[in-house]
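Work through the following exercises with the coordinates open beside you. Each task is followed by a solution that goes step by step.

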Amino acid sequence: MFRLQGSRVLAVDMTGDAVKAKNGSMVAYDGQMSFKRLTGGGEGLRGMVTRRLTGEQMTVMEVRGQGTCWFADRASEINLVRLSGEKLYVESSNLLVTEAGLRTGTTFTGLRGASQGNGLFTTTVEGHGQVAVMSDGPAVVLRVSPQYPLVVDPGAYIAHQGNVRQSFQSGVTFRTFLGEGGGEAFQIRFEGDGLVYVQPSERNTIAGDL
Amino acid sequence: MSAYGTPGAGPVVHDPTTLPADDNVNPYTFCVDLKGSQWFLQKGKMIAYYGAIEFNGIGHGRLDRLVRTVFHSPLHASDWVVAEGSGRMLLADRAFDVNSFDLDDGNLTIRSGNLLAFQPTLALKQSIVPGFLTLLGTGKFVAASNGPVVFMEPPIRVDPQALVGWADCPSPCHHYDHGYLTGVWGGLRAMTGLGPVSGEEHQFEFVGAGTVLLQSSEALMAEQAAGVLPDEPGVPGAGRVSGTGGQQTGAPSLPGQLGGLQRRFGL
């Protein structure tokens, strides 16, 4: 059971079950806990090799026990996402804790990933349960529906879920090369049906200032 | 409408019908409602938008008239863009607090790094205080601050790092703590740089009627270049880029360089 204590600390109540958490993100615990480092994101040998190859490495630990465990990482804001069968796409660096029943994996993102400065691959979380996602400042959740497509700055994107199509749109014109660009040279357009999480801050991206 | 409803105790999900119009979504995110209108914003502060919105550098030829009438930080401020179209646009700045302020036929001077966006009904001018910009007229603007903004009435002395801006009152002057600067200890400190220091020996002093805006921290935001001041006698800070540091990099643009020229031609 996940609950937020303030907006930057996550408390997880456990009764013998387990969660997967970012390595070293435990700040306190109460009761009996065991912490086990999972190699390769806990996805077995194949996952380990995939993560090594794709650069979506995450060091994950399994926390198992009875009681309450608190997690936090560099005072980042924490956002809870509940999944009921759908797939959440999130950057591995933004993933804090997932319930043990959720499957994690890697997927190819193509140009979107490259424009975010996060590499070409992203992490997926799938199944039933809760996920804690970190963001720089509280995330805003935006709905994408067929009548309302959404355009997001790659540096502010943190995660999305649902059945959405992404396309990459570029505002690069000859003006960009004259130093008169619109400041939003690369954008990701989401169409379909789902939710997109954005943070009120921009990572440094390639061409972020064009 | 959508299969992805708000889960029980989950986060609030926004769509264009629930996003506020020209108001804060949360303390760190501001939503602008564009209805075929225009907004000026600092480059790269848009995080997401619904609808059809175009972003153009202020050198864009079609915007020449607009820039000429309201953007007086003249031909230099390439860090500003104009958003144009219809839809809802979210603005944020490095997870700092953002707030909107309404000016009603007023004037407000603000640190260049703190101003995020403004309506073209306001006119933007360089302040003669280096590193500050002045907004004149009626309209709405959005400013970022490190921690929430507090409003103070003059007469007041404020810490230079906490000052965000001021409205309707005369420009501030420097104030020094003379008990600290004079006497034997003062002389020693001036000569050696040693001695007890409280860090509060220098303030900005405001007098007259108006409002002073302070941020609740002393962490300065990176300044944005506000343009080179004309190099004439009598201009304070003349000949150097107002708003030092910040994003102004590379060689200073010489008159006649392509950068200046192509802006002149409205490319």
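**Exercise 1.** For contacts in chain A between residues at least 6 apart in sequence, find what percentage joins residues at least 24 apart, and then do the corresponding count for chain B.

*Solution.* The model is a predicted one. In chain A, 79% of the contacts between residues at least 6 apart in sequence join residues that are at least 24 apart. In chain B, taking contacts with a separation of 6 or more, residues 24 or more positions apart account for 74%. As background to these values, chain A has 3 helices and 12 strands, and 47% of its 210 residues count as buried. The secondary structure of chain B comes to 4 helices and 15 strands, while buried residues make up 39% of its 267 residues.

**Exercise 2.** Determine whether A:Met26 is buried or partly exposed, and list what it touches beyond its sequence neighbourhood.

*Solution.* Begin with the location: A:Met26 belongs to strand 3 of chain A, which covers residues 26-38. Next, count the surroundings: 19 other C-beta atoms lie within 10 Å of A:Met26, and because a residue is called buried only at 20 or more, A:Met26 is partly exposed. Then list the contacts: once residues up to four places away in sequence are set aside, A:Met26 touches A:Ala21, A:Phe35, A:Val63, A:Cys69 and A:Phe71. Finally, take a distance: 21 Å separates the C-alpha atoms of A:Met26 and A:Arg103, which are 77 residues apart along the chain.

**Exercise 3.** Identify the residues with the most contacts inside the largest nonpolar core, and examine the surroundings of B:Leu91.

*Solution.* The largest nonpolar core has 99 residues, and those with the most contacts inside it are A:Val133, A:Val198 and B:Leu91. In soluble globular proteins, nonpolar side chains tend to be buried together. Turning to B:Leu91 and leaving aside its neighbours within four places in sequence, one finds contacts that include B:Phe30, B:Val32, B:Leu41, B:Ile47, B:Val98 and B:Val142, with B:Lys45 also among them.

**Exercise 4.** Establish the strand order of the open sheet of 3 strands in chain B, and say which strands stand at its edges.

*Solution.* The order is 11-14-13, with antiparallel pairing. Strand 11 and strand 13 (173-176) of chain B stand at the edges, since each has a single partner strand, so one side of each is left without a neighbour in the sheet. On average, and with direction ignored, neighbouring strands of this sheet are turned by 40° against each other. The antiparallel strands 13 and 14 (residues 202-206) of chain B are joined by 4 bridges; B:His175, for example, has B:Gln203 in strand 14 as its bridge partner.

**Exercise 5.** Locate the cis peptide bond between B:Pro154 and B:Pro155, and describe where B:Asp22 and B:Arg94, with their positive phi values, lie.

*Solution.* Most residues other than glycine have a negative phi, and most peptide bonds are trans. The bond from B:Pro154 to B:Pro155 is cis, with omega near 0°, and B:Pro155 is found in the loop between strand 10 (149-152) and strand 11 (156-158) of chain B. For B:Asp22, phi is near 50°; this residue lies in the loop between strand 1 (13-14) and strand 2 (23-26) of chain B, and is partly exposed with 16 other C-beta atoms within 10 Å. For B:Arg94, phi is near 45°; B:Arg94 sits in the loop between strand 5 (80-91) and strand 6 (97-111) of chain B, and with 15 other C-beta atoms within 10 Å it is partly exposed.

Technical notes. Residues are numbered from 1 along each chain as its sequence is written. Chains are lettered from A and ligands numbered from 1 in the order in which they are written. This is a predicted model: local features need pLDDT of at least 70, side-chain atom pairs count only at pLDDT 80 or more; totals for chains, interfaces and linings use all residues. Helices (H or I, at least four residues) and strands (E, at least two) are DSSP runs, numbered from the N terminus. A residue is buried if 20 or more other C-beta atoms lie within 10 Å of its own, exposed if 12 or fewer, and partly exposed in between; C-beta atoms are placed from the backbone. Two residues are in contact if their C-beta atoms, placed from the backbone, lie within 7 Å. Two strands pair if DSSP finds at least two bridges between them. Axes are lines fitted to C-alpha atoms, for helices over the stretch in contact, and angles run from 0 to 180 degrees between N-to-C directions. A nonpolar core is a set of buried Ala, Val, Leu, Ile, Met, Phe, Trp, Tyr and Cys residues joined through C-beta atoms within 7 Å.
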